[in-house]
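Thank you all for making time this morning. I would like to walk you through one protein chain, and I will ask you to keep the picture in view while I talk.

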Amino acid sequence: MQISMNNTLYPGLSAIQVGLDRVDQAATQLASPATEVAGRSQSSDFQLENLRSVDRAQRSDMATNVVELTQGRIQVQAGVKVEKASDEMLGTLIDTYA
């Protein structure tokens, strides 16, 4: 019996890598500097509304990035579970055929 390591380890490792990439990208977005507000010569009411709209957009982006962080963490955890199951299955196959 021939066991290919690529078939048993690749799905879990791939899930871990994609999850880590997702976490890295979301963390980078969270750490990036805030968006600048343009139009300094406008009336104060209009400026206030612009600031509020930027704040809403930043909160939305922040929430999206926090959700991405959580999804990445869950994806990494799932990949680890796949790797553990693969390792146990491979160990059982080796014990059975040895």
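Before anything else, one term: a residue is called buried when its relative accessible area is under 20%, exposed when that value is over 50%, and partly exposed in between. With that in hand, 13% of the 98 residues of the protein count as buried. Please bear in mind throughout that what you see is a predicted model.

How confident is the predictor here? The pLDDT of the protein averages 77, and 60% of the residues score at least 70. There is one stretch I would ask you to read with caution, residues 35-40, where pLDDT stays under 50 and for which the model has eight contacts beyond four places in sequence.

Now to the overall layout. The protein has two helices and zero strands; helix α1 covers residues 5-31, and helix α2 covers residues 44-97. If we take the contacts in the protein with a separation of 6 or more, 80% of them come from residues 24 or more positions apart.

Let me give you some pairs of residues to look for on the screen, beginning with P11, which lies in helix α1. The C-alpha atoms of P11 and G79 are separated by 7.5 Å, although these two residues are 68 residues apart along the chain. P11 counts as partly exposed because its relative accessibility is 43%, a value between the 20% and 50% cut-offs.

A second pair is V80 and A15, which are 65 residues apart in sequence while their C-alpha atoms are 8.3 Å apart in space. V80 is found in helix α2, and with a relative accessible area of 32% V80 is partly exposed.

For a third pair, look at D21, again in helix α1, and at G72: they are 51 residues apart along the chain, and their C-alpha atoms are separated by 7.8 Å. D21 has a relative accessible area of 42%, so it is partly exposed.

Which two side chains meet in a salt bridge? They are those of R22 and E68, with a distance of 3.1 Å from N to O. This pair links distant parts of the chain, since R22 sits in helix α1 and E68 in helix α2, 46 residues apart. The count of salt bridges for the model comes to one. As for how covered the two partners are, R22 counts as partly exposed at 29% relative accessibility, and E68, with a relative accessible area of 26%, is partly exposed as well.

Finally, let us turn to the surface. The protein exposes about 7600 Å², and carbon and sulfur atoms supply 56% of that area. On this surface, L30, M62 and V66 make a nonpolar patch of about 250 Å². Of these residues, L30 lies in helix α1, and L30 counts as partly exposed because its relative accessibility is 33%.

To close, I would ask you to take away the two helices, the salt bridge between R22 and E68, and the caution that belongs to residues 35-40, where pLDDT stays under 50. Thank you, and I am happy to go back to any part of the picture.

Technical notes. Residues are numbered from 1 along each chain as its sequence is written. Side-chain values use heavy atoms; hydrogens and water are left out. Helices (H or I, at least four residues) and strands (E, at least two) are DSSP runs, numbered from the N terminus. Buried means under 20% relative accessible area, exposed over 50%, partly exposed in between (1.4 Å probe, protein chains only). Contact means heavy atoms within 4.5 Å. Accessible areas come from the Shrake-Rupley method with a 1.4 Å probe; for residues, only the protein chains shown count as cover. pLDDT is the predictor's confidence in each residue, from 0 to 100. Patches are made of residues with over 30% relative accessible area and no salt bridge: like charges are joined within 9 Å, nonpolar side chains (Val, Leu, Ile, Met, Phe, Trp, Tyr) within 5 Å. A salt bridge is a side-chain nitrogen of Lys or Arg within 4 Å of a carboxyl oxygen of Asp or Glu.
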